[in-house]
Amino acid sequence: MLYFLRRRSLTSLLPLLFVLVGVFVLARLTGDPTSLYLPESATAEQRRAFAASHGFDDPVWKQLLHYLQGIPHLDFGTSLRTGQTAASMALRAFPNTLQLAFATMLISVVVAVVLGSWAAYRPNSLADRISSLLSMTAGSVPDFWFAIMGVWIFAVILGVLPTSGTDNGLLSWVLPVVTLCVRPIGVLTQVVRGAMVSALSAPYVRLARSKGATDVRLVTHHALRNAAAPALTVAGDLAVGLINGAVVVETIFGWPGIGKLMIDSILQRDFAVLQACVLLTALSIFVLNILIDLGYALLDARVRETVKA
Amino acid sequence: MTATSLDLDGATRPRGDVALDVENLSVDIRTPFGTVRAVDSVSFTARRGETVALLGESGCGKSLTATSIVGLVDPVVDIADGAIRLDGEDLIGMSPKRRRAAAGPELAIVFQDALTALNPVYTVGTQLAEPFRIHRGLSRKEARAEAIRLMERVGIPEPESRVDSYPHQFSGGMRQRLLIAIAVALSPAVLLADEPTTALDVTVQAQIMKLLRDLREERDMAVVLITHDLALVAEQADRVVVMYAGNVVESGPVDAVFSTPKHPYTKGLLESVPVAAERGADLKSIGGAPPELSAIPSACVYQDRCPLVRDICRTDRPPLREVAEDHAAACHFSEEVSR
Amino acid sequence: MTTMIDPTDGVAPETGATPPPRSGRLSMWRLLLRDRMATVALVVLVLIVLSTVGGSLILGDKSNDQDLARGAIAPFSLDHGWLYVLGSDKLGRSMIARMVVGGRTTLAVAVPAVLISLVIGSLIGMWAGYHRGWRETVAMRVADVIMSFPSLLMAVVVLYVFSPSASMIVVVLAITRIPIYLRTARAESAELQSRTFVDAARTFGTRPTAIIRRHVFPIVLPTLLTVATLDFCYVMLAESSLSFLGIGIQPPGVSWGLMVSQGRQYLQTAWWLSFFPGLAIVVTAVCSTLLASWVRIATDPSQRWRLTVPRKAAARRRRQAPIVEGEVS
């Protein structure tokens with residue numbers, strides 16, 4: 001187990017470093033933030049002083065080295081916009097994204113497992129039609145349009161839901177979560193359905209049937225656990241996407257999450273905050289991947305043996 | 001050719017009650033190009049304490065007959081006609097609930113491939129305990145104790161420590177023993193064994209067959225052995241039902257059928273087995289191949305490969321009729337078939 | 001023998017109920033016509049392409065014609081002429097003209113992006129998969145890095161460093177989609193290069209490029225085409241999202257995604273500004289998804305029989321068949 005963790009950490013560190021350096025360099029290619037933060041009338045002297053105080057007059061490699069040296073001391077720089085530390089801004093935004101992602105995944109997994117199993121058990125039933133309709137819309141409906149139409153119908157016409165923000169308790173969760181759920185539910189339902197179709201026709205289900213097991217037991221007991229592994233893989237990918245920031249949804253609904261913070265930082269050339277966001281999401285995706293691997297091991301003894309080895 | 005089991009007990013043992021009675025069973029398969037009849041008016045019986053072999057080549061309908069009996073057919077398969085009586089009660093038309101209640105305590109099946117038939121994500125103990133949990137309502141602990149007892153009975157060493165292992169941690173022969181243990185857990189009246197030893201080494205094969213035979217005696221079950229292996233039939237079965245292209249072509253006691261076959265197909269099969277005494281002689285084989293299910297002749301099903309074929313074989317289907325006591329064949333010229 | 005009856009092998013092909021097709025292309029058309037959904041999808045897609053490409057030649061200059069007197073006309077009314085049947089925006093620009101031009105922009109970004117990533121990704125992928133070894137490792141690591149990179153950031157960089165034009169968005173989208181084809185082509189080609197017919201070609205001294213062209217490419221192509229059809233959907237949505245976020249197509253350019261974004265602030269007074277362009281995206285995406293699933297079945301020899309089953313028989317089977325082995329009744 002410890003060996004497994006160590007190996008995972010080492011293999012993840014290099015790509016992480018690569019992405020961090022890439023983001024650092026690319027971000028600086030977007031231009032000098034000086035002109036954005038000083039008034040038009042600022043003198044050349046003032047501009048030079050601003051650049052020097054934030055280290056923008058150094059060559060990029062020197063800035064990078066300085067940044068990397070700060071990381072072991074948990075120094076991720078300060079925001080140009082607010083003057084707060086970049087780490088505190090990213091950490092404040094992150095729980096909002098995490099809550100949204102968690103609620104979305106919870107609903108998606110429950111709906112997908114029920115609908116997908118039902119569709120696999122009774123092809124061409126109502127559940128099967130709903131599941132293929134959902135998977136079709138999942139890949140075809142742009143989330144920003146879905147969100148805007150949701151706002152139009154439920155906030156503008158019916159007036160039952162708030163248009164944006166987080167101040168209305170549970171009601172403010174409805175539209176963002178529903179919008180975010182569209183894709184995961186569609187994709188996951190299709191995966192669960194496919195895996196359940198093959199699990200239900202597997203010989204071990206026939207054996208269970210020959211023992212006199214009821215249909216419900218066949219589905220929930222014998223097939224579902226075998227179908228869980230492919231679903232877990234896809235659910236993991238979807239969760240990574242959600243953690244990476246639901247940029248569009250957070251922008252539309254004014255949700256103060258990491259995706260919105262990231263795009264704002266990009267547009268405002270707030271490099272330190274952008275880098276902190278990238279680092280934080282990369283780190284949590286690393287943790288998520290380990291949890292998924294543990295999930296595989298929990299499901300299947302054969303995987304447990306390879307993890308131990 | 002002698003059948004060892006007959007030497008031991010076959011002729012002298014009194015016949016038990018009829019446990020399984022299949023009568024005129026016909027099974028259809030729906031395909032994109034129309035419906036084909038894969039099993040056509042098959043009849044046979046199996047008594048308690050007796051092994052009946054369903055013998056035939058791949059695709060002759062023997063496995064489909066077996067899965068139709070246990071009710072595990074695919075959605076594209078229809079039972080078109082006939083009756084399957086288990087201790088006098090017809091399985092066809094039985095309510096799903098009654099049928100589930102019968103699956104296990106009255107009727108069980110041993111599958112061919114034990115690796116795929118056992119669920120990879122559960123311990124063997126859980127899977128062995130399942131029949132007791134479903135049908136006897138035992139607690140987890142009681143069912144587990146039963147599972148250990150069963151493992152011991154089918155010859156798995158150290159059952160207490162192996163009960164929490166997973167299927168992939170067992171060898172092929174051990175897995176097959178586990179499958180048999182699950183099937184006999186509730187001492188069913190009828191046990192179907194679908195090619196139970198095909199995937200195994202010859203030495204393991206013999207052990208598994210001995211285990212099946214011992215369990216049959218001990219629990220007074222009727223065993224239906226589905227196989228393509230003539231030697232296995234000769235050694236294990238009391239009676240044999242020879243199938244060809246979905247039809248029964250010959251049936252009777254194994255020693256009678258194998259010593260004096262009354263159908264040219266049975267004879268052809270027997271002649272294609274290499275025998276040590278005839279070393280050096282040419283080995284005969286049956287020319288041609290079985291017909292496609294969609295192109296089974298309406299008259300005699302064997303006409304295209306039969307050495308005795310005559311005009312009547314192309315116009316009339318021969319009925320399965322008694323040629324000796326308890327020995328029937330479906331051939332117009334069964335008297336001419338001899339070795 | 002198992003009891004699983006697979007209609008694809010054994011029973012179906014030998015019956016000869018369907019005569020062998022005379023020519024590949026002809027039979028593909030016939031197969032397509034038999035599938036009503038796929039036919040409709042293709043027709044709609046062709047109509048969209050024709051109307052956006054042809055329409056923008058005619059209506060191109062109308063898309064930016066401002067006429068404040070005709071601002072915010074509601075749709076479904078012919079009072080102001082057919083140009084305003086889908087309404088107009090606050091500046092009095094015709095929605096129909098803008099939809100047509102926006103559609104052309106969207107297609108002009110999505111189609112080249114898909115084609116570029118398809119060609120580059122498959123070539124590298126087949127080459128890497130055929131040769132294995134370090135070439136494969138390098139190609140796969142590069143693909144991993146591209147995949148793990150925030151594409152949003154890349155789009156912003158391109159936007160600021162270069163001029164934000166449609167061609168730059170094509171480049172960004174093409175680069176981010178290359179790994180998809182690279183991985184698919186590599187996996188298939190790595191599997192194929194170990195097959196006997198490739199060994200046979202090798203023993204004749206055929207050069208690797210010729211083997212890839214003659215033995216690997218024709219087999220991998222159907223899979224790649226299927227992926228490309230599906231990916232068209234994804235790229236179209238990605239372009240729309242970028243434009244929506246303000247880092248894609250810039251005004252006065254028009255694209256469907258940008259139109260949805262611009263209409264958003266008028267949601268309370270002029271819903272049609274956001275509704276129609278979004279609907280156009282959905283219709284195009286649904287049609288290409290439908291077509292992709294048809295292509296996947298039609299190009300797979302072991303699945304193609306499904307399309308030849310007469311409709312009635314298929315419907316009958318659908319009604320009757322529960323997937324789990326049902327109780328025999």
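# Exercises on a three-chain predicted model

The UniProt annotation "transmembrane region", from an unreviewed entry, covers residues 37-59, 107-130, 216-237 and 270-295 of chain C. UniProt positions follow the numbering used here, feature names are shortened, and annotations may be inferred rather than shown by experiment. This is a predicted model: local features need pLDDT of at least 70, side-chain atom pairs count only at pLDDT 80 or more, and totals for chains, interfaces and linings use all residues. Residues are numbered from 1 along each chain as its sequence is written, while chains are lettered from A and ligands numbered from 1 in the order in which they are written.

## Exercise 1

Describe residues 107-130 and 216-237 of chain C.

Step 1. Residues 107-130 of chain C are 100% helix and 0% strand. Helices (H or I, at least four residues) and strands (E, at least two) are DSSP runs, numbered from the N terminus. The end C-alpha atoms of this span lie 33 Å apart.

Step 2. Residues 216-237 of chain C are also 100% helix and 0% strand, with end C-alpha atoms 31 Å apart.

## Exercise 2

Break down the contact between chain C and chain A.

Step 1. Count residues. Chain C provides 36 and chain A provides 39. Two residues are in contact if their C-beta atoms, placed from the backbone, lie within 7 Å.

Step 2. Find the elements. On the chain C side, helices H4 (133-148), H5 (151-161), H8 (208-245) and H10 (272-298) give two or more residues each. H10(C) gives the most, with eight residues.

Step 3. Sort by class. The chain C side has 25 nonpolar, seven polar and four charged residues. Ala, Val, Leu, Ile, Met, Phe, Trp, Tyr, Cys and Pro count as nonpolar, Asp, Glu, Lys and Arg as charged, and the others, Gly among them, as polar.

## Exercise 3

Do likewise for the contact of chain A with chain B.

Step 1. Here 18 residues of chain A meet 23 residues of chain B.

Step 2. Helices H9 (203-210), H10 (215-243) and H14 (301-308) of chain A each supply at least two residues of the chain A side. H9(A) gives the most, with six residues.

Step 3. The chain A side divides into seven nonpolar, five polar and six charged residues.

## Exercise 4

Work out the sheet of chain B and its edges.

Step 1. Write the strand order. The open sheet has eight strands, S6-S7-S8-S3-S9-S10-S12-S11, with mixed pairing. Two strands pair if DSSP finds at least two bridges between them.

Step 2. Pick the edges. S6 (107-110) and S11 (321-324) of chain B each have a single partner strand, so one side of each is left without a neighbour in the sheet. The twist averages 25 degrees from one strand to the next.

Step 3. Check one pair. S10 (residues 247-253) and S12 (residues 327-329) of chain B run antiparallel and are joined by two bridges. B:Ser251 has B:Ala328 in S12(B) as its bridge partner.

Step 4. Add a helix. H8 (residues 172-184) of chain B lies across S6 and S7 (190-194) of chain B, at about 175 degrees to S6(B). Axes are lines fitted to C-alpha atoms, for helices over the stretch in contact, and angles run from 0 to 180 degrees between N-to-C directions.

## Exercise 5

Characterise the annotated domain of chain B.

Step 1. UniProt places "domain: ABC transporter" (unreviewed entry) at residues 20-270 of chain B.

Step 2. Over residues 20-270, chain B is 41% helix and 28% strand, and the end C-alpha atoms are 28 Å apart.
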